[in-house]
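Visitor: I'd like a quick tour of how the inside of this chain is packed. Could you show me the model?

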Amino acid sequence: MLVWRESELGKYQYTGGKEDWEEVIKIAAGCDEFLIDDEDELVSDEDRSCYNCRFRRWTKESFICMRSE
Amino acid sequence: MKIYVGIDDSHRRDGGGAGETASLLTKVLEENRWGQPELPSRHRLYQHPDTGCRKHNTARSFSAQIEERYLSVFIDYACKVVRRDSSPDSNAGLVIAISERMTNTDEIIAYASRVKEGLVSRDETNRMIGKQGLHVFELSGNGKGIIGALAAAGLRMTGNDGQFRGKLQLGSGDGYIATVQEIIENTHVEQIKNMDLENIDKDQSVRMGEKVKVVLLEHKYTLMVFPTELQYPRWQTSTTHMLRMF
């Protein structure tokens, strides 16, 4: 399954949307650049989740990962 | 006089952010005895596809009672702090709404609802800027931060939007069981509701979770809970996941 799709902005948008809670926990577990966001921005009960990461930027359907790679 | 402060888009990727800026402003208000602030809150706004690469689409606000003679010094200070804490590529905006000087507070509330739904135009924003009782500041970037700042002030004014900054602490923390009455008497929480927005009686028991957040409903600090399906305790504080709608 394709997890990331390149966006028009040259960064990668997650294809699983905003409700793929378990999968983004697994992705964040293997990410060296995960950085937890400000407490006000957290949406997942599991701290280490792409949905809680400082490098995610929400879009209408999903989020874009802004990490450096 | 009562003021509503809205802040948007001073988020820095390397830390800090508008939430911390709002907390700092409430602290300064209190320490200098300029006024009595309420806790800052975070308000979710519309997720427009174009905003994706730039920012988290949230804005912060707080309300405060302030002595009129300190209003201008507070506004000057707030402008300096928001400008200082914004990153070079952000669009920081600040709004101070003085409800008693506004001819019709319904206008900013309606505007805020439209921003939350993603329906607002730049022309509407320009019309809001000129309204009596509103101090609006574009502090960096393209000025779009004032949209979120106006919305945050308006949403706070509704008394029915947003999640407060900070975590609620009571007793020994995670797993501690308290009655509704104990929570109300020993914290800033004013009411406790289930996720169907029904009030919970004072003799009911609640298990405190690890990360307990408080939301703004009916102009009150509100703790949300969900049923445990046990006889005791009957309720558990709602999780981050459950509260994502606020």
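Guide: Here are a few questions and answers about the cores and one strand of this predicted model.

Visitor: Which element gives the most residues to the largest nonpolar core?
Guide: That core has 25 residues, with Ile3(B), Phe74(B), Leu94(B) and Ile96(B) touching the most other members. Strands E1 (2-8), E4 (58-66) and E5 (93-98) and helices H1 (18-31) and H2 (71-85) of chain B each give two or more residues to the core. The top giver, with 7 residues, is H2(B).

Visitor: How many residues are in the other core?
Guide: This second core lies apart from the largest one. Its members include Leu45(B), Val115(B), Leu134(B) and Leu155(B). The count is 20 residues.

Visitor: Is E5(B) mostly covered or uncovered, and how many of its residues are buried?
Guide: Buried here means under 20% relative accessible area. On one side of E5(B), Gly93(B), Val95(B) and Ala97(B) meet that cut-off, and on the other Leu94(B), Ile96(B) and Ile98(B) do too. So E5(B) is mostly covered, with the buried count at 6 of 6.

Visitor: Which residue of E6(B) is the bridge partner of Val95(B)?
Guide: E5(B) pairs with E1(B) in the antiparallel sense over 6 bridges, and there Leu94(B) stands opposite Ile7(B). E5(B) also runs antiparallel to strand E6 (residues 134-138) of chain B, joined by 5 bridges. In E6(B), the partner of Val95(B) is Val136(B).

Note on methods: Residues numbered from 1 in each chain as written. Chains lettered and ligands numbered in written order. Predicted model: local features only at pLDDT ≥ 70, side-chain atom pairs only at ≥ 80, totals over all residues. Heavy atoms only, no water. Core = buried A, V, L, I, M, F, W, Y, C linked by side-chain atoms within 4.5 Å. Buried < 20%, exposed > 50% of the residue type's maximum accessible area, 1.4 Å probe, protein only. Helix = DSSP H or I, 4+ residues; strand = E, 2+ residues; numbered from the N terminus. Pairing = 2+ DSSP bridges.
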